[in-house]
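Subject: Handing over the structure

Dear colleague,

I am passing on to you the structure that I have been reading through, and I would be glad if you kept it open beside this message. Please look at it first at your own pace, and then compare it with the notes underneath.

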Amino acid sequence: YQRRVRGIADGVGGWERHGIDPSLYSNKLMHEASLVAQEADDPAVILQRAYDASHSVIGSSTACILSLLESKLSAANLGDSGFLIIRNGEVIFRTKEQQHAFNFPYQLGTQSTNKPCHADIINITLEGDEIIVMGTDGLLDNLFNEQIAAMSQVPCETQILANNIALEAHKIAGDKTAATPFSIGAQKVGFNYQGGKMDDITVLVIKVTKSIQLIPHKK
């Protein structure tokens, strides 16, 4: 095993209505996180320090920071981005969405009541034969656990797997009749909604063996 720290963030699109690029805050948050990660590997510490250094930028974002040290996985997840752990073709863990209401995730940033201390903290011991798929809600709203797990079982490099998962999520996002996690969630709270949800899609795949490879893809 080698130590790795990776993160994803998804800027809240509602800022566009105020003439603000939603990517500015999420990019700033992850830039600061990458700097902190050079000297710290606790995801909660990384997220807090990155948040403290990002107040100069207007906007808000979900965030997920994941650290691998030897066989120990630790993570801090706030909002509706997250990750799955797949072992032997089965999803053994998936982060839970944090939402104030349907499609209104916890978020860090301007005017938000959420703080890094509200993040879910995850600690898991790995066996050394897992696939970790990190993604924004553009992935998790469009593909079910079983679909992601099935795709992960096709032998291929991590870059190809990340590409394939992102492309499949994008295809389903444009399907107006598909059953998706988002459509099921919408119907449960009374919305007459069918199909996928078009959104930014970020996918990061980690294959945990004796070494760890991480390949991002965004469409």
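What follows is a tour of the helices, a pocket and several single residues. Please keep in mind throughout that this is a predicted model.

Let me begin with helix α1, which has 14 residues and reaches 20 Å from its first C-alpha to its last, close to the 20 Å expected at 1.5 Å a residue. Its buried residues are Y25, S26, L29, M30, E32, A33 and V36. Because these residues cover an arc of only 160° around the axis, they are on the same side of α1. If you look for what covers them, you will find that β1, α2, β2 and β8 are included.

Helix α2, which runs over residues 43-52, can be read in a similar way, and its buried residues are P43, I46, L47, A50 and Y51. Seen down the axis of α2, they fall within an arc of 125°, so they line one face of the helix. The buried residues of α2 pack against β1 (4-11), α1 (23-36), β2 (60-69), β3 and β8 (108-109), and α2 is in turn part of what covers the buried residues of α1. At the start of α2 there is also a detail worth finding on the screen, where a side-chain oxygen of D42 comes to within 2.9 Å of the backbone nitrogen of A44.

From α2 we can step across to S74, which sits in strand β3 (residues 72-78). Is S74 buried or exposed? S74 is buried, because its relative accessible area is 15% and the cut-off for buried is under 20%. Once neighbours within four places in sequence are left aside, S74 is in contact with D41, P43, I65, L66, S67, I122 and N123; one of these, P43, is also among the buried residues of α2.

Two loop residues make a useful contrast with S74. E70 lies in the loop between β2 and β3, and its phi is near 55°, a positive value in a residue other than glycine. N88, which is placed in the loop between β4 (82-87) and β5 (90-94), likewise has a positive phi of about 55° although it is not a glycine. Both count as exposed, because the relative accessibility is 54% for E70 and 62% for N88, and the cut-off for exposed is over 50%.

T136 is a loop residue as well, lying between β10 (130-135) and α3 (137-140), but here the relative accessible area is 1%, so T136 is buried. The side chain of T136 reaches the backbone oxygen of D200 at 3.4 Å. Not counting residues up to four places away in sequence, T136 touches I8, A9, D10, D80, S81, D200, I201 and T202.

Next, please find A162 in helix α5 (residues 158-173) and V205 in strand β11 (residues 202-208). A162 is buried, with a relative accessible area of 0%, and V205 is buried with a relative accessible area of 0% too. Although A162 and V205 are 43 residues apart along the chain, their C-alpha atoms are separated by 5.7 Å. For V205 and N114, which are 91 residues apart along the chain, the C-alpha atoms are separated by 28 Å.

Last comes the second largest pocket, in which about 290 Å³ of space lies. This pocket is lined by 17 residues, of which R94, E97, D141, P181 and F182 lie nearest its centre. Which helix gives the largest share of the lining? That share, 4 residues, comes from helix α6 (residues 181-188). In α6 itself, F182, S183, G185 and A186 are buried. The arc that they cover around the axis is only 165°, which puts them on the same side of α6. F182 therefore appears twice in this account, as a buried residue of α6 and as one of the residues nearest the centre of the second largest pocket. After α6 comes G190, whose phi is positive, near 100°.

With best wishes

Key:
Residues numbered from 1 in each chain as written. Predicted model: local features only at pLDDT ≥ 70, side-chain atom pairs only at ≥ 80, totals over all residues. Heavy atoms only, no water. Helix = DSSP H or I, 4+ residues; strand = E, 2+ residues; numbered from the N terminus. Buried < 20%, exposed > 50% of the residue type's maximum accessible area, 1.4 Å probe, protein only. Contact = heavy atoms within 4.5 Å. Arc of directions from axis to C-beta. Polar contact = N/O pair within 3.5 Å; in protein donor to acceptor, adjacent residues only side chain to side chain. Expected span 1.5 Å × (residues − 1). 1 Å grid on protein atoms, 1.4 Å probe; cavity = no way out; pocket = protein on both sides within 12 Å on 5 of 7 lines; lining within 4 Å. Points joined across faces, edges and corners; volume = space filled by probe spheres on them.
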